[in-house]
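Here is a walk through one protein model, written for someone who would rather be at the bench. Keep the structure open beside the text and click along.

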Protein chains: 2
Amino acid sequence: MALYVQKYGGTSVGSIERIEAVADKVKSFHDAGHQLVVAVSAMSGETNRLIGLAKGISDSPTPREMDVLVSTGEQVTIALLAMALQKRGVNARSFTGWQVGIKTDSAYMKARIEDIDTQAMRKQLDAGGVVIVAGFQGIDDDNSITTLGRGGSDTTGVALAAALGADECQIYTDVDGVYTTDPRVVPAARRMDKVTFEEMLEMASLGSKILQIRSVEFAGKYKVPLRVLSSFKEGNGTLITMEEISSVENPVISGIAFNRDEAKLTLKGVPDVPGVASRILVPISDANIEVDMIVQNVSEDGTTDFTFTVNRSDYQKALKILGNLSQELNAREATGTDDICKVSMVGVGMRSHAGVASKMFKVLADENINILAITTSEIKISVVIAEKYLELAVRALHTAFGLDAEEQAE
Amino acid sequence: MALYVQKYGGTSVGSIERIEAVADKVKSFHDAGHQLVVAVSAMSGETNRLIGLAKGISDSPTPREMDVLVSTGEQVTIALLAMALQKRGVNARSFTGWQVGIKTDSAYMKARIEDIDTQAMRKQLDAGGVVIVAGFQGIDDDNSITTLGRGGSDTTGVALAAALGADECQIYTDVDGVYTTDPRVVPAARRMDKVTFEEMLEMASLGSKILQIRSVEFAGKYKVPLRVLSSFKEGNGTLITMEEISSVENPVISGIAFNRDEAKLTLKGVPDVPGVASRILVPISDANIEVDMIVQNVSEDGTTDFTFTVNRSDYQKALKILGNLSQELNAREATGTDDICKVSMVGVGMRSHAGVASKMFKVLADENINILAITTSEIKISVVIAEKYLELAVRALHTAFGLDAEEQAE
């Protein structure tokens, strides 16, 4: 008998029929003798409907009242799911964020959970009942309703699991697990049975948008085993785990992430003196532009080329700032391009295997793909290449590193 | 400077445009220096939409979860109205039932208010702000959400006014006040400037469905001056008052109510012995049938005719019970008809004016309308007549008792 926290997203509870299907799934776990706490999102479309009402009144509605408004979405779902379980003879009881006692700070629309009171949930679990909790919401010190921001229901699930010391937090989504790369780009992509938290964080932040990154961080911090499963298909999904994965099942590379949403800027021929990096990056960050990769070439003739990437939507703004800096810093030229993408290979196995980077560069060279920039971390190698080569590069690397589903290519 | 509690119903907040209009109205009171607590209903149609979702899951959803579900309707409205006021530069803050501290019993879907904590409201009022409260809802001892049942937002308004010692509770509806009778039946019906609580209670329970009867009782009990006004038209509406209305402005009859929703049953030739009334009425009330008027004729030859009225939807059930009783009690015959209606004249002026009943009977006789049953109370005379005479009777009485709007008929 285990204690599971399950989280069902908006698509999984998007209609009466789907709520009934979730109730069937929850009941099957309950019948098997498990204790269950179920966190749910608003029915898909409902949050947008509510935001639409607010926008009808004001372009900039106050965040406190936005949270009063949108938190009703999850409240509707908990009531309906509780009814569906009760119809099936299961003792179920709904809890809003404030009824559970999910305490947050007062940052409306993007609040952070500070504490969870488990007393009310324990009482219901001890009585053999299922606990249904409204995801995405909490209450601040002032008794005002808060929300955790978009996707925050994942965080609710993980936080509940941490507070209750649950055996597993199961996130039900419309995909059946975490894949070695995007199956739309590489049809041979394979679902991973297990992935480490570190790998998942690198994958998530690089554009594999399955789990909200904050919920993964949270799960890692509180050592909550996290599993991603499909609401619609049977299967074991992907377990995100703290455990070191044994070397037998531990491939060198776990997955390949990519991101089209990048632009690259270069300041050429900058005098190579101490402090030049911060003189370039401070004005960029002052303009609220987030910098992703940073590359500084080895200096020749007393000057250096300084390259960095930003989100594509910030490209023009960043290029203008760089143009001004070029004169100020007496650099040769400010250039850039937004026809690029980033491809990243992720894997804890890199730690113990040399030669991953050189093999990666060789695979790309064999395909005549020019590498525009490189960064590496302990478990990740990222390269910037021209966007037109994205599919070619990801497929070639996926095959070369033995990630393809059927026959191992090498 | 006064403290007003205002209540706006579902039609008054039925769209973004109407919520904006309510915000304009609230702002004008606030600008005039008054303190304002505003209770609102769900946007019209919203409660039915939510009930429809529940019915999609279960024919008999649990009352606790129904309240979790439907209470979201008012929560949406308070957020939107607060936003609309904030857009107009008015300090406004929304409160759900539990945030205000509206304590109720645990009778889900029909809870009764037990206590209201005014502290949070006072803080907002003292800061010069408007308080917006979700009507129709509260919280029980177990921290569960409760609702007061349909129309309960009126009760919320009155209860808030009582708790705060407000100068007036203003109920904004889609009619501009209480009329001497239904203007759809009598075009000459006149809006009353004032009506006493006793009269309003008699009018409300007799089918003039403007205010929820419980809210009028509540207002009377706690001596809260109550005013019915239109959300859409300017005007002073009708004040429902504890004060004795001065004899100059005090007409003998204040208004004429009527009810088509009645059926009449008679047990003829019942042996006239003690206890016979209860032997007839106990089986009726055991079948959950509410009895309205009861008339027992003067006994002749040791037997009596026993007549009562019930709601028309209970007619067949009541007639069947009476058929069985007829044999048991050795009565002559059980009969009935549902082609009837009830017409009632209401007025505190009756207390000091003799002859109201005889004048009423003469007016009906002059129109050749046969009276099937009569009951009287201190401030009300009700007659049962054939339904086809309803309009004729109400118009004739309205004119005869000087209630017509333009020229007094008599």
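## Two annotated spots, and what surrounds them

Let's start with a pair that UniProt marks in an unreviewed entry: A:Thr47 and A:Glu74 carry the annotation "binding site". They are spread over 28 residues of sequence, yet they cluster in space, with a largest C-alpha distance of 8.8 Å. Keep in mind that this is a predicted model.

Where do the two sit? A:Thr47 belongs to helix α2, which covers residues 46–57 of chain A, while A:Glu74 is part of helix α3, residues 63–87. Both sites are covered up. A:Thr47 has a relative accessible area of 17% and is buried, because anything under 20% counts as buried. A:Glu74 is buried too, at 2% relative accessibility.

If you click on A:Glu74 and look past its neighbours within four places in sequence, you'll find A:Thr47 among the residues it touches. The other contacts of A:Glu74 are A:Val40, A:Ser41, A:Ala42, A:Ala134, A:Gly135, A:Phe136 and A:Gln137.

There is a longer "binding site" list as well, again from an unreviewed UniProt entry: A:Lys7, A:Tyr8, A:Gly9, A:Gly10, A:Thr173, A:Asp174, A:Tyr179 and A:Arg184. These residues span 178 residues in sequence and the farthest two C-alpha atoms are 25.4 Å apart, so they do not all gather at one spot.

One of the listed residues, A:Tyr8, is worth a closer look. A:Tyr8 lies in strand β1, residues 3–8 of chain A. Is A:Tyr8 buried or exposed? A:Tyr8 is buried, with a relative accessible area of 0%. Leaving out residues up to four places away in sequence, A:Tyr8 touches A:Val13, A:Val22, A:Lys25, A:Val26, A:Val38, A:Ala39, A:Val40, A:Ser41, A:Tyr172 and A:Ser231. Two names there may look familiar: A:Val40 and A:Ser41 also turn up among the contacts of A:Glu74.

## The chain as a whole

Now zoom out. Chain A has 12 helices and 18 strands. How does its radius of gyration fit with a compact globule? For 410 residues, such a globule would come out near 22 Å, and chain A has 24 Å, which agrees. Along the principal axes, the C-alpha atoms fill a box of roughly 75 × 55 × 30 Å.

Buried residues make up 54% of the 410 residues in chain A. Take the contacts between residues at least 6 apart in sequence: 74% of those join residues at least 24 apart. On the outside, the accessible surface comes to about 17300 Å², and carbon and sulfur atoms account for 47% of that. As for charge, chain A carries 41 positive and 55 negative side chains, and the centres of the two sets lie 3 Å apart.

## Pairs separated in sequence

Here are three pairs, with their separation along the chain and their C-alpha to C-alpha distance.

| Pair | Apart in sequence | C-alpha to C-alpha |
|---|---|---|
| A:Thr47 and A:Glu74 | 27 residues | 8.8 Å |
| A:Lys221 and A:Ala162 | 59 residues | 9.4 Å |
| A:Val295 and A:Thr375 | 80 residues | 7.2 Å |

A:Val295 sits in strand β14, residues 291–296 of chain A, and is buried at a relative accessible area of 17%. A:Val295 touches A:Thr375 itself, along with A:Asp305, A:Phe306, A:Thr307, A:Ala373 and A:Ile374, again not counting residues up to four places away in sequence. A:Lys221, on the other hand, lies in helix α8 and counts as exposed, at 62% relative accessibility.

## Two backbone oddities

Most residues other than glycine have a negative phi. Which two residues here go the other way? A:Asn143 has a positive phi of about 65° although it is not a glycine, and A:Lys223 has a positive phi near 55°.

Both are found in loops. A:Asn143 is in the loop between β7 (137–139) and β8 (145–147), and A:Lys223 is in the loop between α8 (213–221) and β11 (226–230). A:Asn143 is partly exposed, with a relative accessible area of 40%, whereas A:Lys223 is exposed, at 57%.

Technical notes. Residues numbered from 1 in each chain as written. Chains lettered and ligands numbered in written order. Predicted model: local features only at pLDDT ≥ 70, side-chain atom pairs only at ≥ 80, totals over all residues. Heavy atoms only, no water. Helix = DSSP H or I, 4+ residues; strand = E, 2+ residues; numbered from the N terminus. Rg over C-alpha atoms; globule rule 2.2 N^0.38 Å. Buried < 20%, exposed > 50% of the residue type's maximum accessible area, 1.4 Å probe, protein only. Contact = heavy atoms within 4.5 Å. Areas by Shrake-Rupley, 256 points an atom, 1.4 Å probe, with all protein chains shown as cover. Lys, Arg positive; Asp, Glu negative; His and termini not counted. Charge placed at Lys NZ, Arg CZ, Asp CG, Glu CD. UniProt positions renumbered as here; feature names shortened; annotations may be inferred.
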